[in-house]
Amino acid sequence: MRFSSFLPGFPRGFLLALTLAATPALALDSAPPAAATSSLTVFAAASLKNALGEASAAWKAKTGEDIAVSYAASFPLARQIEAGAPADIFIGADEESMDYLAGKKLVNPESRKDFLSNDLVLVAPTAGPDKVELTAAAVTGVLKDGRLAMGDPASVPAGKYGQAALTKLAIWDSVKDHLALADSVRSALLYVSRGETPLGVVYLTDAKAAAKETKVVATFPEASHAPIRYPIALTANAKASAGKFLSWLLGPEGAPFFKKQGFGVLTAK
């Protein structure tokens, strides 16, 4: 169910969140599009905002080179690259979005690496329960008349993993008509952090980023969904200097920024 089908019953704050999420220019409080003076442009999954933002600042301090980052759900970013958006590096939150670009010959295949891993968790506002069993009865008991926030499985990797996990655990059928579908995992987290939904499905790294407003109440078993992998690659038209930044991100200097946020760094030595 999309937001438009249940707007009347939600508070004003929720409607404001919907408006922001639905407006491309305001989505995700992300960095603005690359300006003409920016040296490199990175298109990255929304869940990378904190870690990649700090890493990009460190790179600029080290080299003086600007990094402009556009954050959103992975597949919409891939479609923007397909449409001609100028990007030098793409970091998705699933293999499918990278495979899509590879199939269009829009990434450099030799540069592609599995960069990061993540975990999928159930979160609640800080005033909510401390623990929720991953059963249909327990989850719906907490939801009551509320909604479960999660990324839209049609376009958001976290939503795809979430649907798979909820299905595997025999919860999906009980919650599929009680969802607050978001355009990114960060938008889903926003609904929970504002107390507008009692539960949400997000990545562990997102939960850590909002630890003052939300808390992890359950961790989905790894066997309940496909491994969460973040592939990275240069685009087919990447600037020459993009390779240096990519190598730095993959190396020992870049890794700590991602480990700090809770990511597993698959390229760490």
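In which sense do S6 and S7 pair, and over how many bridges? They pair in the parallel sense, over 4 bridges. Two strands count as paired if DSSP finds at least two bridges between them, and the strands themselves are DSSP runs (E, at least two residues), as are the helices (H or I, at least four), numbered from the N terminus.

Before going on, a word on the source: this is a predicted model, where local features need pLDDT of at least 70 and side-chain atom pairs count only at pLDDT 80 or more, while totals for chains, interfaces and linings use all residues. Residues are numbered from 1 along each chain as its sequence is written, and side-chain values use heavy atoms, with hydrogens and water left out.

**Overall picture**

The protein has 11 helices and 11 strands. Of its 269 residues, 51% are buried; buried means under 20% relative accessible area, exposed over 50%, and partly exposed in between (1.4 Å probe, protein chains only). Contact means heavy atoms within 4.5 Å. Among contacts with a separation of 6 or more, 78% are between residues 24 or more positions apart.

**The five-stranded sheet**

S6 and S7 belong to an open sheet of 5 strands, ordered S7-S6-S8-S5-S9, with mixed pairing. Strand S7 (179–182) and strand S9 (214–219) sit at the edges with a single partner strand each, so one side of each has no neighbour in the sheet. From one strand to the next, the twist averages 35°. Angles here run from 0 to 180 degrees between N-to-C directions, with axes as lines fitted to C-alpha atoms (for helices, over the stretch in contact).

Back at the S6–S7 pair, Leu148 has Leu179 as its bridge partner in S7. In a regular strand the side chains alternate between the two faces of the sheet. In S7, Leu179 and Leu181 point one way and Ala180 and Ala182 the other, and all are buried. At the other edge, S9 runs antiparallel to strand S5 (residues 120–125), joined by 5 bridges; Val121 has Thr219 as its bridge partner in S9. Helix H6 (residues 157–168) lies across S5, strand S6 (148–151) and strand S8 (199–203), at about 125° to S6.

**The six-stranded sheet**

There is also an open sheet of 6 strands, in the order S2-S1-S3-S10-S4-S11, again with mixed pairing. Its edge strands are strand S2 (67–72) and S11, each pairing on one side only. S2 runs parallel to strand S1 (residues 40–45), and 6 bridges join them. Ala45 stands opposite Ala72 in S2. Helix H4 (residues 95–103) lies across strand S3 (89–91), strand S4 (113–117) and strand S10 (229–234), running at about 25° to S10.

**The cavity and helix H8**

The structure holds 1 cavity of 30 Å³ or more, and the largest has a volume of about 60 Å³. Among its 13 lining residues, Ala45, Ala46, Val156, Pro157 and Val185 are the closest to its centre. A cavity is a set of points on a 1 Å grid over the protein atoms alone where a 1.4 Å probe fits but cannot get out, and lining residues have an atom within 4 Å of a point. Grid points are joined across faces, edges and corners, and the volume is the space filled by probe spheres set on the points. The lining divides into 10 nonpolar, 3 polar and no charged residues. Here Ala, Val, Leu, Ile, Met, Phe, Trp, Tyr, Cys and Pro count as nonpolar, Asp, Glu, Lys and Arg as charged, and the others, Gly among them, as polar.

Val185 is also one of the buried residues of H8, along with Arg186, Ser187, Ala188, Leu189, Tyr191 and Val192. Helix H8 (residues 185–193) is largely enclosed by the rest of the structure because 7 of its 9 residues are buried.

**Loop residues**

Here are four of them, side by side.

| Residue | Loop between | Relative accessible area |
|---|---|---|
| Lys144 | helix H5 (136–143) and S6 | 65%, exposed |
| Ala170 | H6 and helix H7 (172–175) | 59%, exposed |
| Ala210 | helix H9 (204–209) and S9 | 7%, buried |
| Gln261 | helix H11 (255–260) and strand S11 (264–265) | 10%, buried |

Most residues other than glycine have a negative phi. Lys144, though, has a positive phi of about 50°, and Ala170 one of about 60°.

As for the buried pair, Ala210 is 7.2 Å from Ser193, C-alpha to C-alpha, with their positions 17 residues apart in sequence counted as the separation. Leaving aside neighbours within four places in sequence, Gln261 is in contact with Asn50, Ala51, Glu54, Thr205 and Lys208.

Technical notes: 1 Å grid on protein atoms, 1.4 Å probe; cavity = no way out; pocket = protein on both sides within 12 Å on 5 of 7 lines; lining within 4 Å.
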